[in-house]
Structures are given as structure tokens and as C-alpha cells.
Amino acid sequence: MLRDSFGRVATDLRVSLTDKCNLRCTYCMPPEGLDWLPNAQLLTADEIVRLVAIGVERLGVTEVRYTGGEPLLRRELVDIVSRTTALEPRPQVSLTTNGIGLARLAEPLAAAGLDRVNVSLDTLDPATFKRLAHRDRHADVIAGLAAADRAGLRPVKVNTVLMRGVNDHEAVPLLRWCLEQGYELRFIEQMPLDAQHGWSRDEMVTADEILQLLSGEFDLAADDLEERGSAPAERFLVDGGPARVGVIGSVTRPFCGSCDRVRLTADGQVRNCLFATEESDLKTAMRAGASDEELAERWIAAVARKRAGHGIDDPSFLQPSRPMSAIGG
Ligand code: SAM
């Protein structure tokens, strides 16, 4: 098992398939993009599936989430998903995506066994989308969401980051729209993970503010805490349910004490936290000929060193040198 020194057990593996993205969301990367990882440094599809299999078959991983960068840009995605869903014991397999290309890929991904998707959408307005993501692709995202729903990749979850003066006036319309479509909306507090290091606490729309914005229009009742378990989102029943909305207060309401996540970057580094400043290199060991058992031991040792919390509120907090797109959000 992947147990840390505080007794937490990591069962939820987030795997970044690429650091590249076809959007340039302002809270993530600069308009000109970043220096992408050279191809030779990226794990191959076989290497990814080998490490995921070690996680699932030997180390107790029960959920695998593919992310990035933008995972739909990875040509072998459908193959990677189908090889993951063929593992025993069968893990839950999901995808976090910006939805561009999902209109075409939702059906093949569902056929490969993908269980569900989280699609990022910060606005209902194509002009705001273009301003925020520096690309005119709003219609593609909406089409991707609809295709995911048709393909049965449910519950279709929508991730939204609110920014002051940009889209914070859309909290209510976004929730109303998601309720109409049957999607589950989750608001995520903006975190200090942008490559430009432009995050500021004052600019962040907090979980409290989000709940205040929504409570003016909807009746929100906290969902059963028992059910939350290790999930990052605090969930609320909307107008008596069954529809729900989630709020992920990563900064102001941290959930590190129940964190069950571990991450694998696109270049084969184990990370215990989005905000970790240390990584453990599985790729080099794997390419040097390490056995599955040796890789599992390295992974166990890496997770044992997991820190108690992300420490954003510590005076000594340092933003990790890798941006979100290179870690895998
Ligand atoms: N490209 C995919 C997508 O758009 O969902 C997957 C990767 S993206 C890094 C994963 C999620 O992280 C998205 O929902 C995105 O909005 C969120 N994200 C990126 N930077 C963030 C930040 N600084 N704070 C909070 N969420 C962020």
C-alpha cells in the first residue's frame, strides 16, 4: 500500500499524459505557452501503462484519472484507457479535459471503458472564453460536453475557476445552465500554480464568496459529510436535490488531512501533492532496467515522505517550480 507517515493511504492516482495544452487559460499559463517537455522525456504509452499497472496490481490504487496538460492531445489516449480498464482489479478510470476534441473522442473513450469525465468550463460567454483562454473554442467545449453525456460518461462534471472581475458574475448562470443540462458543477478556488506566478490571494474568489453568490439564488444544503470521504469538493444539495454543486476550497478550506491522491507527471515523476517541491523519479529507474518490484518499492518510499499539508498558509510557502500544466491538474 502507498501509506504515508500520517497514516493516509493513496488510492487515487492522477496521471499527466502530456504537459501540452491547446488553451492558454490565464490562471495556468502565459499566452505564448511554455517550453514543453522534449518528447524523449515523456513516458511512452507502454511506460505509462506499466506504471499504472504497478499502482493498481501491487500498490492498492483503485482510481486512475488521466489529465495534463490536455490529455485529449495524446494520440494513444484511447489505447491507454482501454489497457487501464483491462487491469485487475479493474480501477475506476476518468479524465479531466478541456473538452476540445471530446465531440469526436467521447464514443471511442466510452467504448474503451472510460467511466466518466470532468470538463473545464469557466464561462457561458464565447467572448469571455476567448479572453480567458486566448483561443476561440467555446463551441467545441460545449459540443464536447454534450457528446460525453450522450456517450454515457456520467456524471459529467464541470470544473469552473472563478476570477474576480472576469467571470465571477457567472456563478449563478453557470449553475443554472449545468442543472438544466444535467451536469454536476464544481467551483475550484484559484490556486498559486500558474507559470507566470501571478496568483494573489486578494484576486482569488473564495469558497465562502462562491457560496454566498449561490445562496442568493438557490437553496443549498450541505450534503452528508460521511459521503465526502476524501473527495476535495464540499457538496451541496441544490433546492432540495437530487442535483448537487461542489465547491473545492483548496486554499481556504484545505482537505490535506483526508487526501488520498498521488500524482505521476508526464515525465515519470511521483508527486505527493500539487504543491510538492520534491519529486521521485521512476522514469530513470525504469529506463535503467528496474523491475516492477523495484519500481513499487521506490513508489512506496516516495509516498512515505508525503507532507502533512500543502502549506499555502505557511510563511515559508514556496510555489512549486513546475506549473499546473506540467504536474497534471
Ligand atoms: N486540460 C485539462 C482541463 O482543462 O481540464 C486538464 C488539466 S487542467 C490543469 C485541470 C484543471 O485544473 C482544470 O479544471 C483547470 O481549470 C484547473 N486549473 C488550472 N490552473 C489552476 C489554478 N491555478 N487554480 C485552480 N485550478 C486550476
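## Annotated binding-site cysteines

An unreviewed UniProt entry places a "binding site" feature at C21, C25 and C28. The structure discussed here is a predicted model. C21 sits in the loop that runs between β1 (12-16) and α1 (45-58). C25 is found in that loop between β1 and α1 as well.

Are C21 and C25 buried or exposed? C21 has 18% relative accessibility and counts as buried. C25 is buried too, at 15%. Their contacts can be listed without residues up to four places away in sequence. On that basis C21 touches M29, W36, G69, E70, L73 and N98. For C25, the contacts are L132 and A133.

## The annotated domain

The unreviewed UniProt entry also gives "domain: Radical SAM core" at residues 5-223. Over this stretch the chain is 34% helix and 16% strand. The C-alpha atoms at the two ends of residues 5-223 lie 30 Å apart.

## Helix packing: α1, α2 and α3

How do α1 and α2 pack? Their axes are 10 Å apart, and the angle is about 25°. Angles under 35 degrees count as roughly parallel, so α1 is roughly parallel to α2. The crossing of these two helices, α1 and α2, is right-handed. On the α1 side the contact involves A45, D46, I48, V49 and V52. These meet I80, R83 and T84 in α2.

Helix α2 (residues 77-85) also packs against helix α3 (residues 102-111). The angle is about 25°, with the axes 9 Å apart. That makes α2 roughly parallel to α3. The crossing of α2 and α3 is right-handed. Here L77, V78 and V81 from α2 meet L105, P108 and L109 from α3.

## A106 in α3

A106 is found in helix α3. Its relative accessible area is 1%, so A106 is buried. Leaving aside neighbours within four places in sequence, A106 is in contact with A147, A148, A151 and L153. V117 lies 11 residues from A106 along the chain. The C-alpha atoms of A106 and V117 are separated by 9.3 Å.

## Helix α6 and its surroundings

Which residues of helix α6 (residues 171-181) are buried? They are A171, V172, L174, L175, W177 and C178. The cover over these buried residues includes two helices, α5 (138-150) and α7 (207-215). It also includes the strands β5 (157-161), β6 (184-188), β8 (234-238) and β9 (244-248). Just after α6, G182 takes a positive phi of about 85°.

## Backbone features in loops

Two cis peptide bonds can be described here, each leading into a proline. One joins E88 and P89, with omega about -5°. P89 is placed in the loop between α2 and β3 (92-97). The other runs from G241 to P242, with omega near 5°. P242 lies in the loop between β8 and β9.

Positive phi values also occur at two histidines. H134 has phi near 60°. Its place is the loop between α4 (126-133) and α5. H134 counts as partly exposed, at 33% relative accessibility. H197 has a positive phi of about 55° although it is not a glycine. H197 is found in the loop between β6 and α7. At 46% relative accessibility, H197 is also partly exposed.

## Cysteines and disulfides

How many disulfides does the model contain? The count comes to zero. The cut-off for a disulfide is a pair of cysteine sulfur atoms within 2.5 Å. For C259, the closest cysteine sulfur is that of C273, at 6.8 Å. This is too far for a bond. C273 is in no disulfide either. Its nearest cysteine sulfur belongs to C256 and is 6.1 Å away.

C259 and C273 fall into separate burial classes. C259 is buried, with a relative accessible area of 14%. C273 counts as partly exposed because its relative accessibility is 23%, and buried means under 20%.

Definitions and conventions
Residues numbered from 1 in each chain as written. Predicted model: local features only at pLDDT ≥ 70, side-chain atom pairs only at ≥ 80, totals over all residues. Heavy atoms only, no water. Buried < 20%, exposed > 50% of the residue type's maximum accessible area, 1.4 Å probe, protein only. UniProt positions renumbered as here; feature names shortened; annotations may be inferred. Helix = DSSP H or I, 4+ residues; strand = E, 2+ residues; numbered from the N terminus. Axes fitted to C-alpha atoms, helices over the stretch in contact; angles between N-to-C directions. Parallel < 35°, antiparallel > 145°, perpendicular 65-115°, else oblique. Left-handed = near helix turned anticlockwise from the far one by under 90°. Contact = heavy atoms within 4.5 Å.
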